[in-house]
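Here are some exercises to work through with the model open beside you. Try each task before reading its solution.

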Amino acid sequence: MGNGQPIIVVEDLTKVYPGGITAVNGISFHVRQGEIFGFLGPNGAGKSTTIMMLTTLIKPTSGRATVHGYDIVREANAVRLSLGYVSQDLAVDDALTARENLYLQGRFYHLPKPEIEKRIDEVLKLVNLHDRADNRVETYSGGMRKRLDIAEGLIHRPRILFLDEPTLGLDIQTRREIWRYIENLRAEYGMTIFLTTHYMDEADSLCDRIAIIDRGVIKAIDSPSTLKSQIGGDIVTLKIDSVTPERVQAAVRATEALPFVRSVKKQENSNDSYVVVVNDGETAIPAIFHAIGREGASISSIALKKPTLDDVYLFFTGKELRQESGSREDAMRARMIMRRVRR
Ligand SMILES: Nc1ncnc2c1ncn2[C@@H]1O[C@H](COP(=O)(O)OP(=O)(O)O)[C@@H](O)[C@H]1O
Ligand SMILES: [Mg+2]
């Protein structure tokens, strides 16, 4: 999948908000037709700002981008018609039924009434809401609301769908369910999907390629598996026990000096825990034990694993992406968003 022509092309795109915050700082990338492409990064990284520029909701400060061949500034109308956009805030009206919500969306695109009705049935089937179409949205679960939100983005049959944090604040089962609907849109309709997320598992299991974005800058772009293999080794996590900080330092230096050790990094917010990237974990562990022991320190715990996308993130940004799926913070944000759309 995703071997098609570039359908989104971004060159040196920058957004400086009034007041001086550079939210997006000279990013360049492309998305291929039929690809599920993800922007992975923490809150404030510039994900929504990028989506809003590409969907023509805000203007870039500098740089260029085309969507479906249309320039996002000079041909904004054509861009808008070729894409669907599902914002990170729920946009559906609780007091209306799904059908009524979709009808309004169809009118927004100036579709004729009979055409809207046809398409409503079509998109409701896509997100499996047709048997609840005439219930008010206030009776829906969080996952159903999000599916309706996605259906709204599809009413004008776009070729490209932009999803800004599509599973924010949903529980893990519901998130997986949303992933299946997204995969299905690509599989059945060849739709190109650009999504943002701060969930590592989402990027890993859903996206063909991801861009790791941090403070408005793209740090790496590739498929999750290629990114993992770029770390190029096994990961040994160990905790050093010692009587003095000097001995811990000596133990770290001795580990770094081993020929098959690629890097040693202290884990953030930890006491003497280190992440060691090595060529081959099985043979490295005994040698690491030996080297650290020689410095008069000892290892109180050790673990070996293959790199995950978390390790990739740490490697490229130097920090961990806090990702408590369905965390309290996320749930709170989601509730606030829902309250905003209620009347
Ligand atoms: N309308 C705005 N005016 C000024 N600053 C903004 C505005 N929207 C976002 N920002 C700032 O731009 C940065 C990127 O925000 P955003 O694109 O929303 O990130 P993300 O979606 O990755 O969480 C943040 O520092 C945010 O505070
Ligand atoms: Mg955002």
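## Warm-up: the whole chain

The chain holds 12 helices and 14 strands. Keep in mind that this is a predicted model.

**Exercise 1.** Work out how far the C-alpha trace spans along its principal axes and how far apart the centres of the two domains lie.

*Solution.* Start with the overall span: along the principal axes, the C-alpha trace covers about 80 × 40 × 40 Å. Next, split the chain into domain 1, residues 6–226, and domain 2, residues 233–306. Take the C-alpha centre of each, and you get 43 Å between domain 1 and domain 2. Finally, check burial: of the 343 residues in the chain, 40% are buried.

## The ligand shell

**Exercise 2.** List the residues around ligand 1, sort them by class, and find which helix gives the most to the shell.

*Solution.* First, collect the surroundings of ligand 1: Tyr17, Gly19, Ile21, Ala23, Gly41, Asn43, Gly44, Ala45, Gly46, Lys47, Ser48 and Thr49. Then sort them, which gives 4 nonpolar, 7 polar and 1 charged residues. Last, look at the helices: H1, residues 47–54, is the top contributor with 3 residues.

## Strands and sheets

**Exercise 3.** Put the strands of the open sheet that contains E1 in order, and say which ones sit at the edges.

*Solution.* Tracing the pairings gives 4 strands in the order E2-E1-E4-E5, with antiparallel pairing. The edges are E2 (22–32) and E5 (70–71), each of which pairs on one side only. Now zoom in on E1, residues 6–16: it runs antiparallel to E2, and 8 bridges join them. As a landmark in that pairing, look for Val10, which stands opposite Phe29 in E2.

**Exercise 4.** Is strand E3 mostly covered or mostly open, and which strands does it pair with?

*Solution.* Count the buried residues in E3 (residues 36–40): 5 of 5, so the strand is mostly covered. Go face by face: Ile36, Gly38 and Leu40 are buried on one side, and Phe37 and Phe39 are buried on the other. In a regular strand, side chains alternate between the two faces of the sheet. Now for the partners. E3 pairs in the parallel sense with E8 (residues 192–197) over 5 bridges, and also in the parallel sense with E9 (residues 209–214) over 4 bridges. Phe37 is a handy marker for both pairings: its bridge partner is Phe194 in E8 and Arg209 in E9.

## One helix, two sides

**Exercise 5.** Check the length of helix H10, then find its buried face.

*Solution.* H10 runs over residues 281–294, and at 1.5 Å a residue its 14 residues should span 20 Å. The end C-alpha atoms are 20 Å apart, so that agrees. Next, pick out the buried residues of H10: Gly281, Ala284, Ile288 and Ile292. Seen down the axis of H10, they fall within an arc of 60°, so they line one face of the helix. On the other side of H10, the exposed residues are Glu282, Thr283, Pro286, His290 and Arg294.

## Two histidines with positive phi

**Exercise 6.** Place His68 and His110 in their loops, and classify how exposed each is.

*Solution.* Take His68 first: its phi is near 55°, a positive value in a residue other than glycine. His68 sits in the loop between E4 (62–67) and E5. It has 18 C-beta neighbours inside 10 Å, so it counts as partly exposed. Now His110, with phi near 60°, also positive in a residue other than glycine. Its loop lies between H3 (98–108) and H4 (113–126). With 8 C-beta neighbours inside 10 Å, His110 counts as exposed.

Key:
Residues numbered from 1 in each chain as written. Chains lettered and ligands numbered in written order. Predicted model: local features only at pLDDT ≥ 70, side-chain atom pairs only at ≥ 80, totals over all residues. Near = placed C-beta within 6 Å. Nonpolar A, V, L, I, M, F, W, Y, C, P; charged D, E, K, R; others polar. Domains from an automatic or database assignment. Pairing = 2+ DSSP bridges. Expected span 1.5 Å × (residues − 1). Buried ≥ 20, exposed ≤ 12 C-beta atoms within 10 Å, placed from the backbone. Arc of directions from axis to C-beta.
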